[in-house]
Amino acid sequence: MEHDHPTLTAVHLYPTTMDTYGDRGNVTALTKRAQWRGVEIAWRDVELGQSAPAGCDLLFLGGGQDRVQRAVAEDLVTRHDWLAELAGGGTAMLAVCAGLQLLGTRYVDASGGVLPGVGLLDLETVAGNDRLIGNVVAEVVTGTGRHLLAGFENHGGKTYLGDTEPLGRVLAGHGNNGEDGTEGARSGTLLATYLHGPVLPRNAWLADHLLSLALTHAGLDPALLPALDDGLEAAAREEAIAVAERDRRRDRRRGRPRRLLERLRGRATL
Amino acid sequence: MRRLPPKESDSLRPEPRQDLRRPLAPDEPARCAAPDAAPWVAASAPATAGGALSTSRSVLAGFAARSVARAITATRSGSASTLPGKVANLVAPTFLSDRAARLTEGFALVTGTNGKTTTAAMSAAVLRAAGRPLVHNTEGANLLSGIATAFALQAPAPFALLEVDEAALPQAVARLGAARAVVLTNVFRDQLDRYGEIDRLTEGWRTALRGSRGAALIANADDPLVAYTALQSELPVVFFGIDPGSDVTAAGAHEVSDAAICPRCGARLEYRSRWMGHLGRYRCAGCDFARPRPALLARDIALSEHGAAAVVTTPSSEVRLSLKVAGLHSIYNALAALGLTSRIGVDPREAVAALARYHPVFGRSSVYSLRGALIRVSLTKNPAGLNQTLRTLRTASGYRALVFVLNDNIADGRDISWVWDADLESLLPSANAYVACGTRAQGMALRLKYAGVPRERLTSAGDLRSALDALIARGERAIDVLPTYTALDEVRSTLRAEGAATVLDDRA
């Protein structure tokens, strides 16, 4: 049987319970950017307690509010073997915000209670006194060069990495914990970030990076992804970088340490 | 448009709601908490010891506030809807409690994420038509300063109808004491960067309702978060809700939900139907929490571009509701107004007659004419509101131009992720031109691109005035402008500067 379009299989984990701050924009970006190159993505929604397909090329796990975190954590732990197999087998995975926290080893809440994580990433999260909120720019190095990642973070937990690489270095904003300059985490084809909402539409290179990993997993040629006209994407990211810089200058006036955004921007692939 | 140079009116309204220089601690009140605010319960009793002193200070505070208002008006330096109240609260910290204590018929509060300004305005229209004088904060000035401004500048009346920002409800109750009635319209995601999570908001409501003994609640049965908060309060509740037609239900199926799980037990909420975000007919899969039966129920709903109609069943009668404001949300606002005013003693038949004459307020949906084009301006500040506005625009016939003005100032919320939560994919009406403006014009343009707007119809403009000029010059005769909160002021002043005439707007 002949297929008109190459197709990727994808899982959206907990689309209704872990869906806050515009997470659906990330699913839209992956779907559209694949479609514009003639590649279809067959999404399968997997809710709490529902069975998941044995394998997939792409997986997305969004953010959620504190209230749903426990229910999701309990469900996620039962899926440990499946998730570990996907990650080990090269499925392209993106986890955002609470998704990042739950893929770590544990979450310690304000009263010292421990919520076990699924342990795919060696990191732990501790409830902080202040929420880390604001515009962020991070520098991310991939096989295709240096990239800038721009977006917005809003998290109460502070994440500390163990034996896991950060996704990027913070140029403006807080990042994982506001202390060590790390943003997100990655391990093989699993990427995690605190930047929520439209992180993929605005950072088209990251969407394409995930699609290319997914194509590789599907045994397809990543060259199926020719360059697109990303003028609007670039303009939206420039705008996001500009507001992050505005915030950074404002923080600096209030005595925050000077960061090296301008200098590093010159070096990064825009 | 790029942000305008700071001018006096910008610093007056919208009021900076939160010092953004540092993030909120999880247990910190969202804002407005006066450092010296007394604990909830203690503050609900008006000052008695040293009462004479505090009363004379209150009189002085009222005088100071009126002087400030006169100065603002005389110098035409902006709107006088919050600064006079700020001055009054500064001069006399007990100003609000003193004024509240003088209301012989008490006061009612209207709060919630969406619809509070309109619900309060509709209720005020009904009460005025019934010959009931009242104090009422208008123009969405719904923080303590706006409420104090209303008390300071308006003629004393036996009753007050007060719109309260959803995050400021605990502070308002702490100052004013127990209301006779509290309307809870709905809880949607709105400015999560500023308010924190929705749960923190309902937690604040529970605190406020504990300080409202004797109040009756008028609450939205179709919103599980509101219904649960109301049921938990142990106060008497009048629930309102709707029974929509099947086409309305189908339209809400794709929207994001802020209530996927049961607020009581954490199990999954099952919806028989869902029509606006998480508003719908729900039941918990794990416990016996379910949508309460509404005492005020709207059915046989008919929506058009120019209005909305329904049959409303009340405990005592059945009335026909006919509104000149469009959209399903207008039915909800009218139901809340019916519930509130009948609690204050107005006959529902009298109330629907007044509601039939009601026109929109505060330019939240006003119409202007400019060089032959009709320009309709609708405030859109969160996903649920934007969905609802788009749904209303879709009932309009013919082609038009759509101008989105997305700002990320403090009062708008600095996080613009919310535009991705709006269901533009299903709800965006067809138009000749789509223009993105505001401080985050590029972010909005990108959202429209991914919603499927053809590239050749999509532009971003640095400035609203040139965007409108270009649209009118190329012959667009119907232009819808959808600004966020701070952009609304900029839109109005731009239209004024261009010489636009107001066609429909009864703020005066």
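**Burial in chain B and its contact with chain A**

In this predicted model, 58% of the 508 residues of chain B count as buried, and the secondary structure of that chain comes to 19 helices and 18 strands.

Student: What makes a residue of chain B count as buried?

Tutor: A residue is buried if 20 or more other C-beta atoms lie within 10 Å of its own, and 58% of the residues of chain B pass that cut-off.

Student: Which residues of helix α18 of chain B, residues 464-473, are buried?

Tutor: The buried residues of α18(B) are B:Leu464, B:Ala467, B:Leu468 and B:Leu471.

Student: Why are they placed on the same side of α18(B)?

Tutor: They cover an arc of only 95° around the axis, and therefore they lie on the same side of α18(B). As a rule, an α-helix has 3.6 residues a turn, so residues three or four places apart point the same way.

Student: What covers that buried side, and what does the face turned away from it carry?

Tutor: The cover of the buried residues includes β14 (401-405), β15 (433-437), β17 (478-483) and α19 (485-498), which belong to chain B, whereas the face turned away carries B:Ser466 and B:Ala473, which are exposed. Just after α18(B), B:Gly475 takes a positive phi of about 95°.

Student: How many residues of chain A are in contact with chain B, and which element gives the most?

Tutor: There are 39 residues of chain A in contact with 32 residues of chain B. On the side of chain A that touches chain B, α7(A) gives the most, with seven residues, and by class that side has 16 nonpolar, 12 polar and 11 charged residues.

Student: How do you know that α7(A), residues 231-253, meets α17(B), residues 441-450?

Tutor: Two residues are in contact if their C-beta atoms lie within 7 Å, and by that cut-off A:Leu232, A:Glu233, A:Ala235, A:Ala236, A:Glu239 and A:Ala240 in α7(A) meet B:Gln442, B:Gly443, B:Ala445, B:Leu446 and B:Lys449 in α17(B). By class, this contact has six nonpolar, two polar and three charged residues. The axes of the two helices come within 8 Å and cross at roughly 145°.

Student: Why is the crossing of α7(A) and α17(B) called left-handed?

Tutor: A crossing is left-handed if the near helix is turned anticlockwise from the far one by less than a right angle, and α7(A) passes α17(B) in a crossing of that left-handed kind.

Note on methods
Residues numbered from 1 in each chain as written. Chains lettered and ligands numbered in written order. Predicted model: local features only at pLDDT ≥ 70, side-chain atom pairs only at ≥ 80, totals over all residues. Axes fitted to C-alpha atoms, helices over the stretch in contact; angles between N-to-C directions. Helix = DSSP H or I, 4+ residues; strand = E, 2+ residues; numbered from the N terminus. Nonpolar A, V, L, I, M, F, W, Y, C, P; charged D, E, K, R; others polar. Buried ≥ 20, exposed ≤ 12 C-beta atoms within 10 Å, placed from the backbone. Arc of directions from axis to C-beta.
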